[in-house]
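Let's take a walk through this two-part story of helices and strands. Have a look at the fold below, then read on.

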Amino acid sequence: MGIEILGLPLMYYIAMVAKVLVAFVFVLLTVAYATYAERKIIGHMQVRLGPMRTGWHGLLQPIADGVKLFFKEEIIPSQASTFAFLVAPLIALIPAFITFAVIPFGGIIEIAGYKIPLQIAAYYDTTAGQVFDVNVGVLYILAMSSLGVYGIVLAGWASNSKYSLMGGLRASAQMISYELAAGLSIISVFMLSGTLSLSRIVELQSGFGGFEWYLFKQPLAAFMFFICSLAEINRTPFDLPEAETELVSGFCTEYSSMKYAMFFMAEYANMVTVCALTVTLFLGGWNGPLTGAIPLLGPVYFIAKVYFLMFVCMWIRATLPRYRYDQLMHLGWKVFIPVALVNIIVTGIIGYFL
Amino acid sequence: MNPITPIINGMKITLKHMFMKPVTLQYPTERPKVAKRFRGLHALNVSHDKAKCVACYLCPTVCPAKCITVEAAEDANHDKYASVYEIDMLRCIFCGYCVEACPVDAVKMTEEFELANYNRTDFIYSKERLLVKK
């Protein structure tokens, strides 16, 4: 197959770069327009119009916001720990994006006789005739999503402001509580699938014309995972680290300009990632009717499902007020963790006897 | 009480509201329709090409904000008329007492409500600016 680099055909590298670029640009655009969609949806839910002025029905609003934030003055507080202050937004932003590397967003497509699996960290081995991806994909995602909180805690500490520090502390406490429940609810999925590879998990949900979803086998786990994910990415009703009403703006109080924008991008990128992960684990990933015949339908189904879940996130935000701190801890430790443990035991017992 | 039903009910309400017609008024392009008896900017009624005002001083007397200045004078026909009729819009509270008090129906209030200006002197409306436009 022509030129080979390190034992792999050139096409492998081209496909890899193309996949990375397409997925990254797509996620970035989704993040940008998620802000617009959120403002629009919440606006209409409050019987308002949302952004209307910039472009047709405000469609250029994200670009205008971006340009505005980019040209704003960059303020670093004189008492802040400069290095940590500068590096914190990056630590928050990067894990949000690199999580996408292991999420399969489509089946295998064939371009110029070369089979390309639509998952960034995966390749099709022609000699073995199968797809190899990160076989501990879920562990990788759990690791990355808990890295994101370091950015927030560091931002809170480095700003040297009491509100920021409170926000950072709350973020870490919340993350620890809900990471546990989220992890425990995924375990019941592994007990069914017997694998940690995300592309395998998606494959296992392809029965019934693409509707053999783990959501129907594990509704409780799916529900809990989604709620815990909302808490992990600090979305309303669990947005205590930001909490405008009591903590000004929480961990990003002292931030301005592009660094502030980075925190926002991280928040929305996390939302995209969490929705994509929920889709992969519980809603059958890119599976759907006719994906076998037309492989390009896979990404379409995947995107549709992710967008639906993102709509649900915004819908929840428009409905529920913020939980109080003790309610949050009560829900995490006294409701979700015991229920997740019971769910694991029940899954184990049923799995043993079937 | 179980905690899930109120959440579901709330979600239903928000979803229902999403399909309602928004109440937003796109202000500079869309204009509000003010009520018939809206109390906006004042205007001096005109009859026979002259202001109807007879400078009786009832409006500055009744004005609770003391924003109307009237000075009476005599014209060629020996009729009393207002040589000065000024309303300070920065002090006016748009109560409409001046309209109620007027015995000759000389002052009225229009539907005009955009009264912004760039300097304070522009807020003092002289007689010429208050006369009803033809």
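Two strands count as paired if DSSP finds at least two bridges between them, and strands (E, at least two residues) and helices (H or I, at least four) are DSSP runs numbered from the N terminus. This is a predicted model, where local features need pLDDT of at least 70 and side-chain atom pairs count only at pLDDT 80 or more, while totals for chains, interfaces and linings use all residues. Residues are numbered from 1 along each chain as its sequence is written, with chains lettered from A and ligands numbered from 1 in the order in which they are written.

Let's start with the strands of chain B. Strand S4 (residues 68–74) and strand S5 (residues 80–88) run antiparallel, joined by seven bridges. Here are two of the facing positions.

| Residue in S4(B) | Opposite residue in S5(B) |
|---|---|
| Ala73(B) | Tyr81(B) |
| Glu74(B) | Lys80(B) |

S4(B) and S5(B) make a hairpin with five residues between them, and His78(B) in the turn has a positive phi of about 60°. The wider picture is an open, antiparallel sheet of three strands in the order S4-S5-S7 (chain B). S4 and strand S7 (124–125) of chain B each have a single partner strand, so one side of each has no neighbour in the sheet.

Now for the helices of chain A. The axes of helix H11 (residues 257–282) and helix H12 (residues 297–319) come within 9 Å and cross at roughly 120°; axes here are lines fitted to C-alpha atoms over the stretch in contact, with angles from 0 to 180 degrees between N-to-C directions. H11(A) and H12(A) are therefore oblique to each other, meaning the angle falls outside the ranges under 35 (roughly parallel), over 145 (roughly antiparallel) and 65 to 115 degrees (roughly perpendicular).

Cys275(A) is in contact (C-beta atoms, placed from the backbone, within 7 Å) with Val306(A), Leu309(A), Met310(A) and Cys313(A), leaving aside neighbours within four places in sequence. Cys275(A) is also among the residues with the most contacts inside the largest nonpolar core, which has 93 residues. Such a core is a set of buried Ala, Val, Leu, Ile, Met, Phe, Trp, Tyr and Cys residues joined through C-beta atoms within 7 Å; buried means 20 or more other C-beta atoms within 10 Å, exposed 12 or fewer, and partly exposed in between. H11(A) supplies the largest share of this core, 15 residues.

Notes: Two residues are in contact if their C-beta atoms, placed from the backbone, lie within 7 Å.
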